[in-house]
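Reader: Before I rely on words such as buried, bonded or paired, I would like to see how each of them is justified. Could we go through the model term by term?

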Amino acid sequence: MPFCIGLSAIFESDRTVHARTFLAAINHFINSHDTRGLTFIFEDDDASPEGGRGAARRLIARGADVVVGHFSSDAASAALPLYASSGIPVLLPAATKQDLVNEVTHAFRLCPSDNDLMTLLARQLLTHASIDSVLLTHDSTEHGESLARSLAALLEPSRLRITSSLDHAAALVYCGRLNNSIRYVNELPERLRDRPLYLTDDALSSWFIEQTAPRDTLGIVGLATAGPGLAAGETYYQESLAALQIARALSHCESLLDALQTTTFDTVMGDVQFRDGENRFTRAALWTVRNRRFIPFTSA
């Protein structure tokens, strides 16, 4: 009987440019790996809680053995309890919300969590003596709110003050999805061009570079790539391809949960090993843009 891999995300590139990256990873996987005995089913989750629940119900009904996806934390948080009730493990390539894998036993995250990302960003902010206040804003998605909460909690006991004033902030931090991050950057007043500005992982896309003017003071916190010469624009691709490689490996296992809790998987991201649902070997990095390319300048 074929092993069924369920895939859930937004698949239309006119709704998110990330769709191109995910579909490119799927295409590469199918063309470069032995997929005999595998079947693939697709369900769009609209990157929303309602869409996530609907996609989960359909994937369960269609017989998915394992699910790769719900790249949006908003969709993933709503869908995961349904998979847990049905005993279906879920590989989360890019959903960072802190409590996603803590609340269920069937979720396994490949990427850094909110706390991983924000710990590195907090350290970066605290190393600059000239930064004594931060304007922390988000796009009101679960993804953005969760990242902002993590950073606020990390900064609360520090010397840094979180301010609500754009003009009095020594640095700006915006947590949110790609298109919202682009809009935020493009709408910042010109007088703030030299102000340190930090964005979160969803902004690590070539689309961001295409849609914004260069800024020397920009930093984006996201996944540290697996090896030298790999660009930040490939992080989403790596996460997607690695999840598919793990799903394929699971097709040869009797107990999927046992395998996920005990196996070290060889993937394009490097070794992946899960402990309490988190990838032990994932690392965060801060990226900047130079000559229209993402360049890493610190990692953890």
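Author: We can begin with disulfides, meaning a pair of cysteine sulfur atoms within 2.5 Å; by this rule the count comes to zero. Cys4, for example, is in no disulfide, since the nearest cysteine sulfur, that of Cys253, is 16 Å away. Please keep in mind that this is a predicted model, in which local features need pLDDT of at least 70 and side-chain atom pairs count only at pLDDT 80 or more, while totals for chains, interfaces and linings use all residues. Residues are numbered from 1 along each chain as its sequence is written, and side-chain values use heavy atoms, with hydrogens and water left out.

Reader: What makes Cys175 too far for a bond?

Author: The closest cysteine sulfur, in Cys111, is 15 Å from the sulfur of Cys175, and a disulfide is therefore ruled out.

Reader: Why is Cys175 called buried or exposed?

Author: Buried means under 20% relative accessible area, exposed over 50%, and partly exposed in between, with a 1.4 Å probe and protein chains only. Cys175 has a relative accessible area of 0%, so the residue is buried, and Cys4, at 7%, counts as buried too.

Reader: How do you know that Glu43 forms a salt bridge with Arg62?

Author: A salt bridge requires a side-chain nitrogen of Lys or Arg within 4 Å of a carboxyl oxygen of Asp or Glu, and the closest N and O atoms of this pair are 2.8 Å apart. Glu43 lies in strand S2 and Arg62 in the loop between helix H2 (49-61) and S3, so the pair ties together parts that are 19 residues apart in sequence. Glu43 is buried at 11% relative accessibility, whereas Arg62, at 44%, is partly exposed. By this rule the model has twelve salt bridges, and Glu12, Arg15, Asp44 and Asp46 are linked in a network of them.

Reader: What makes Arg191 and Asp167 a salt bridge, and where do the two residues lie?

Author: Their side chains meet at 2.8 Å, N to O. Arg191 lies in the loop between H6 and strand S9 (197-199), and Asp167 in the loop between strand S7 (161-163) and strand S8 (171-175), so the pair ties together parts that are 24 residues apart in sequence. Arg191 has a relative accessible area of 56% and is therefore exposed, while Asp167, at 44%, counts as partly exposed.

Reader: Why are S11 and S12 called paired strands?

Author: Strands (E, at least two residues) and helices (H or I, at least four) are DSSP runs, numbered from the N terminus, and two strands pair if DSSP finds at least two bridges between them. Four bridges join S11 (residues 264-267) to S12 (residues 270-275), so the rule is satisfied, and the two strands run antiparallel. Phe265 stands opposite Val272 in S12, and S11 and S12 form a hairpin with two residues between them.

Reader: What span is expected for helix H8, and how much of H8 is buried?

Author: The expected span is 1.5 Å times one less than the number of residues. H8 (residues 235-250) has 16 residues and reaches 23 Å from its first C-alpha to its last, close to the expected 22 Å. H8 is mostly covered, with 13 of its 16 residues buried.
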